[in-house]
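Colleague: I am new to this protein and would love a guided tour. Could you show me the model, and then I will ask away?

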Amino acid sequence: MEDEAEIYDGIRAQFPLSFGKQSKSQTPLELIHNATRRSTTVSAESDAANSEPGLKPSTSNSDGRNNAFPSPSSFSKAWLESARKPNPKAKIGGDSDGGRNQGRMIDDNDDDDGLEIGPPRPPLDGDAEDDDEPVVGPPRPPSGQIETDSDVDEEDKDDMFRIPLSNEIVLKGHTKVVSALAVDHSGSRVLSGSYDYTVKMYDFQGMNARLQSFRQIEPFEGHQIRGLSWSPTSDRFLCVTGSAQAKIYDRDGLTLGEFVKGDMYIRDLKNTKGHISGLTCGEWHPKTKETILTSSEDGSIRIWDVNDFKSQKQVIKPKLSRPGRVPITTCSWNREGKIIAGGVGDGSIQIWNIKAGWGSRPDIYVGSGHKDDITGLKFSSDELILLSRSFDGSLKVWDLRKMKDALQVFDGLPNHYAQTNIAFSPDEQLLLTGTSIEKGSTTGGLVCFYDRRKLELVGRVGISSTSSVVQCAWHPRLNQILATVGHKHEGGTHILYNPDISERGALVCAARAPRKQSVDDFHAQPVIHNPHALPLFRDNPSRKRQREKILKDPLKSHKPEVPITGPGHGGRVGSTKGSLLTQYLLKQGGLIKETWMEEDPREAILKYADVAAKDPKFIAPAYAQTQPEAVFAKSDSEDEEK
């Protein structure tokens with residue numbers, strides 16, 4: 001065996017190192033995630049500033065220069081320390097070697113030339129026990145590093161706000177603002193709907209660093225996408241557009257069916273088979289995979305059965321403060337699917353409990369919930385808190401046990417899109433919502449975080465300097481934050497993550513480099529010598545070109561002859577004596593005499609009166625012998641006598 005190895009090494013030495021199968025060089029993950037890292041400029045706000053919801057974030061960098069866009073993350077001091085030091089208790093105070101001597105106290109008597117083998121020995125302390133006694137268990141920490149109850153509380157506080165914000169990727173492709181967002185429960189597929197009438201489907205497992213969607217669908221031509229929702233089993237999803245019919249698709253984007261549309265001429269909405277106006281919101285039942293909920297501009301909320309697209313299960317008509325039809329702007333299920341909340345166009349919030357014999361009368365009615373249309377509602381998992389978002393620029397926190405007044409109102413949140421929502425963190429300790437860009441403002445689109453316990457602002461994160469934030473979500477399995485942005489020319493979905501605390505999702509596709517093109521990918525483009533030979537592929541010419549073509553045609557461009565008004569000449573008969581040759585000859589021969597144009601119609605009729613009286617031919621002879629002579633009554637009026 002040794003001889004064979006020597007022979008192989010001798011033969012291999014004669015060939016260059018590049019000979020044979022080469023191992024692919026893999027880019028380290030650190031370099032990949034550094035390419036997607038957000039700006040490291042972080043400015044911490046004071047506690048007083050964080051307690052004021054309407055305060056604008058700082059716009060100055062560490063070097064003193066003014067920045068028109070706020071810092072990527074302006075959070076409280078507690079979270080800031082946690083983000084910078086994921087485990088602040090693991091580092092010994094006074095170490096300046098970057099953690100290489102972590103867990104080891106430096107002694108002046110140590111021999112620098114000595115070689116250390118194995119784990120570092122425990123720190124030396126003045127009260128240490130005799131070295132001769134055996135040490136049982138792990139070495140105790142240094143005296144200065146013993147954790148107290150206050151330290152544990154501070155560490156829990158730091159870990160509570162571990163928000164993934166260090167890295168960011170953007171899913172692009174839409175030409176207008178992205179108004180709908182849905183992530184399946186496993187976190188493998190993302191749906192984004194936009195005002196450009198399309199829905200894009202992204203797959204994290206099959207997507208590379210180019211971040212391209214694998215499918216694009218257009219549910220209804222000319223209708224904006226207003227809502228997307230996955231089923232509990234993630235095998236189908238609901239698409240709500242500006243039309244009156246919701247559609248159901250399978251996981252791959254194939255149409256399974258659409259719900260029926262109602263008769264718009266029936267006034268009572270309970271008698272219609274479906275919605276008669278554009279939809280505003282829709283959500284799948286969180287537990288039952290056959291039930292969905294939709295709301296519409298016609299002023300009704302309907303519950304549907306996915307297995308029967310032609311009938312509905314329930315019609316809910318809200319309580320109105322004035323007669324007429326008021327649109328339902330949003331709707332939502334609770335976690336168990338036993339409570340329905342609806343936001344009405346008059347600013348009221350209405351809640352229905354699904355129970356035996358329930359109807360359209362709401363169980364909870366808040367008449368003055370908001371001053372403007374409500375854009376989003378969200379239940380907490382413990383069914384104690386309800387969040388509401390509105391066009392009036394506010395976020396309200398409601399206690400479901402006492403809905404008379406809101407627990408807290410957060411103002412200063414501009415909102416210009418009807419799909420702006422609210423979301424919870426996975427542990428439901430934080431609330432997050434997006435803001436829209438105001439005219440003349442320099443802050444851009446933000447995602448604001450609020451503490452549920454203290455009901456105060458935790459911080460703001462800048463997402464885009466030119467686009468508004470509409471939809472936001474915090475996926476519990478991926479531990480990644482998704483925010484949709486856009487304006488009238490462009491839209492996208494920003495995904496914020498942290499390689500240390502996030503899982504899968506953006507980490508998978510960001511680390512997968514695009515496949516290099518090989519010789520097999522080359523396709524020769526065929527040369528087309530006569531591309532417009534068939535009328536099927538010929539472009540319709542413009543009107544200008546059509547006119548130019550007609551002018552060149554001698555037959556079509558020939559000016560028709562003007563009719564002769566006087567006597568005929570050149571072989572043409574004049575129009576004064578008949579335009580036809582037959583008429584001209586008959587007139588000249590005297591066979592046609594036209595005198596009716598020169599006679600008086602009354603005189604022409606009366607000239608036959610004497611002849612008709614003397615020699616009746618038609619009706620009078622039949623009654624001449626039987627009928628008496630007509631005697632007319634004389635008029636008694638004085639005017640006629642005079």
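Colleague: Which residue stands opposite valine 240 of S8?

Modeller: Happy to help; a word on the basis comes before the strands. This is a predicted model, with residues numbered from 1 along each chain as its sequence is written, and with side-chain values that use heavy atoms, hydrogens and water being left out. Local features need pLDDT of at least 70 and side-chain atom pairs count only at pLDDT 80 or more, while totals for chains, interfaces and linings use all residues. Strand S7 (residues 225-230) and S8 run antiparallel and are joined by five bridges, and the residue opposite valine 240 is glycine 227.

Colleague: What do "strand" and "pair" mean here, and which residue is the bridge partner of arginine 236 in S9?

Modeller: Strands (E, at least two residues) and helices (H or I, at least four) are DSSP runs numbered from the N terminus, and two strands pair if DSSP finds at least two bridges between them. S8 is joined to strand S9 (residues 247-250) by four bridges, again antiparallel, and the two form a hairpin with five residues between them. The partner of arginine 236 in S9 is aspartate 250.

Colleague: How many residues of strand S8 are buried?

Modeller: Buried means under 20% relative accessible area, exposed means over 50%, and partly exposed lies in between (1.4 Å probe, protein chains only). In a regular strand the side chains alternate between the two faces of the sheet. Here Arg236, Leu238 and Val240 point one way from S8, Phe237, Cys239 and Thr241 point the other way, and all are buried. For strand S8 (residues 236-241), the count is six of six.

Colleague: Where is serine 234, and is serine 234 buried or exposed?

Modeller: Serine 234 lies in the loop between S7 and S8, and its phi is near 60°, a positive value in a residue other than glycine. Most residues other than glycine have a negative phi. Because its relative accessibility is 9%, serine 234 counts as buried.

Colleague: Where is leucine 455?

Modeller: Leucine 455 also has a positive phi, near 55°. Its place is the loop between strand S25 (445-451) and strand S26 (456-464).

Colleague: Why is one side of S19 and of S22 left without a neighbour in the sheet?

Modeller: These strands belong to an open, antiparallel sheet of four, in the order S19-S20-S21-S22. Strand S19 (374-379) and strand S22 (408-410) stand at the edges, so each has a single partner strand.

Colleague: Which strands are at the edges of the sheet S2-S29-S28-S27?

Modeller: That open sheet has four strands with antiparallel pairing. Within it, S27 and strand S28 (residues 480-486) pair over six bridges, and alanine 473 has leucine 482 of S28 as its bridge partner. The edge strands, each pairing on one side only, are strand S2 (167-174) and strand S27 (468-475).

Colleague: Is leucine 534 buried or partly exposed?

Modeller: Leucine 534 sits in the loop between helix H6 (506-510) and helix H7 (543-552). Because its relative accessible area is 49%, leucine 534 is partly exposed.

Colleague: How far apart are the end C-alpha atoms of residues 328-357?

Modeller: According to the unreviewed UniProt entry, 328-357 is one of the spans with the feature "repeat: WD"; such annotations may be inferred rather than shown by experiment, with feature names shortened and positions in the numbering used here. The span is 0% helix and 57% strand, and its end C-alpha atoms lie apart by 23 Å.
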